[in-house]
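Here's a walk through one structure, going from what sits inside to what shows on the surface. Have the 3D view open as you read.

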Amino acid sequence: MQPNPTTFSAVFVAAMAVFVLSCIRRFSLVAVGRPEDRFHHVWLRIRHMLVYAFLQRRVLDKPFGINHFVLFWSFLILMLANTEFCVHGMFPGVGFASLIPPINHPLVFIFDLVSLLALLCVIIAAVRRITWPPYPESVTLDAFIILSLVGLLMIAFFNLHGIEIAMGREPAAA
């Protein structure tokens, strides 16, 4: 059975519409606040964004912070794979598989490795929440649902690649 790009595109457009509406609703909350000039000390703000948001400086100071750091960066790296998945669903001829092997093969390996790291981080986070919760209120159903969904996403990623290998559609597997 071949995937249907028309169906995938319709589902993708519907999902993006829901996402945009959700963003508009959330960003409308920003309008409730007072205006503030945020264009002073631009370079300092950029530096703080890089250090605290991307390098996770405050998170790394905490116990198990490295786990969150690895999970965060795994998702940033896997965003590239997820984007390719969406583009490939709408345009089947476009994808990393069409790249030359010296580029495609390391990308496939990196995505698999990062997915494995993310899955290990989810397992560590779940065990930690059960055995050494950071604070009593951190043991919630929501936390375990989120960790379960992230774990299922990584397992689905491995299953997708396993199916592609079994069907002979993954050039890096050769």
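A residue counts as buried here when its relative accessible area is under 20%, as exposed when it is over 50%, and as partly exposed in between. By that yardstick E170, with 10% relative accessibility, is buried. Keep in mind that this is a predicted model.

**Around E170 and H161**

E170 sits in the segment after α6. Leaving out residues up to four places away in sequence, E170 touches N104, V108, H161, E164 and I165. For a sense of span, take L44: 126 residues separate it from E170 along the chain, and their C-alpha atoms are 45 Å apart.

H161, one of those partners of E170, belongs to helix α6, which covers residues 141-166. Is H161 buried or exposed? Its relative accessible area is 14%, so H161 is buried. Beyond the residues up to four places away in sequence, H161 touches D112 as well as E170. V108 is 53 residues from H161 in sequence, yet the C-alpha to C-alpha distance is 9.4 Å.

**Two more buried spots**

S115 is in helix α5, the helix that spans residues 101-131. With a relative accessible area of 0%, S115 is buried. Which residues does S115 contact, setting aside its neighbours within four places in sequence? They are L78, M154, F157 and F158.

N67 comes from helix α4, and at 11% relative accessible area N67 is buried too. Again not counting residues up to four places away in sequence, the contacts of N67 are C121, I124 and A125.

**The nonpolar patch**

I124, one of the residues touching N67, lies in helix α5. I124 has 40% relative accessibility, and because that falls between the two cut-offs, I124 counts as partly exposed. On the surface, I124 helps make a nonpolar patch of about 1,100 Å². The other residues in this patch are F64, I77, F109, I110, L113, L116, L117, L120, I123, V127 and W132. Which helix gives the most to the patch? That's helix α5, with nine residues.

**How α1 meets α4**

Helix α1 runs over residues 5-28 and helix α4 over residues 65-90. Their axes are 7 Å apart, and the two helices pack at an angle of about 130°. Why are α1 and α4 called oblique to each other? Angles over 145 degrees count as roughly antiparallel and those from 65 to 115 as roughly perpendicular, so the angle of about 130° fits neither class and the pair is oblique.

On the α1 side, the residues that meet α4 are P5, F8, S9 and F12; on the α4 side they are F85, C86, G89 and M90. Take F12 as a case in point: it is in helix α1, and with 24% relative accessible area F12 is partly exposed. Not counting residues up to four places away in sequence, F12 touches C86 and M90. E84 lies 72 residues from F12 in sequence and 13 Å away in space, C-alpha to C-alpha.

**Charges and backbone oddities**

How many salt bridges turn up in a search of the whole structure? There is one. It joins the side chains of E36 and R38, at 3.5 Å from N to O. Side chains of opposite charge can pair when their charged atoms come close. E36 is exposed at 52% relative accessible area, whereas R38, at 48% relative accessibility, counts as partly exposed.

Two non-glycine residues with positive phi are also worth a look: H41, in the loop between α1 and α2, and Q56, in the loop between α2 and α3. How do they sit? The table puts their values side by side.

| Residue | Phi | Relative accessible area | Class |
|---|---|---|---|
| H41 | about 55° | 55% | exposed |
| Q56 | about 55° | 6% | buried |

H41 counts as exposed because its 55% is over the 50% cut-off. Q56 is buried because its 6% is under the 20% cut-off.

Notes:
Residues are numbered from 1 along each chain as its sequence is written. This is a predicted model: local features need pLDDT of at least 70, side-chain atom pairs count only at pLDDT 80 or more; totals for chains, interfaces and linings use all residues. Side-chain values use heavy atoms; hydrogens and water are left out. Patches are made of residues with over 30% relative accessible area and no salt bridge: like charges are joined within 9 Å, nonpolar side chains (Val, Leu, Ile, Met, Phe, Trp, Tyr) within 5 Å. Accessible areas come from the Shrake-Rupley method with a 1.4 Å probe; for residues, only the protein chains shown count as cover. A salt bridge is a side-chain nitrogen of Lys or Arg within 4 Å of a carboxyl oxygen of Asp or Glu. Helices (H or I, at least four residues) and strands (E, at least two) are DSSP runs, numbered from the N terminus. Buried means under 20% relative accessible area, exposed over 50%, partly exposed in between (1.4 Å probe, protein chains only). Axes are lines fitted to C-alpha atoms, for helices over the stretch in contact, and angles run from 0 to 180 degrees between N-to-C directions. Angles under 35 degrees count as roughly parallel, over 145 as roughly antiparallel, 65 to 115 as roughly perpendicular and the rest as oblique. Contact means heavy atoms within 4.5 Å.
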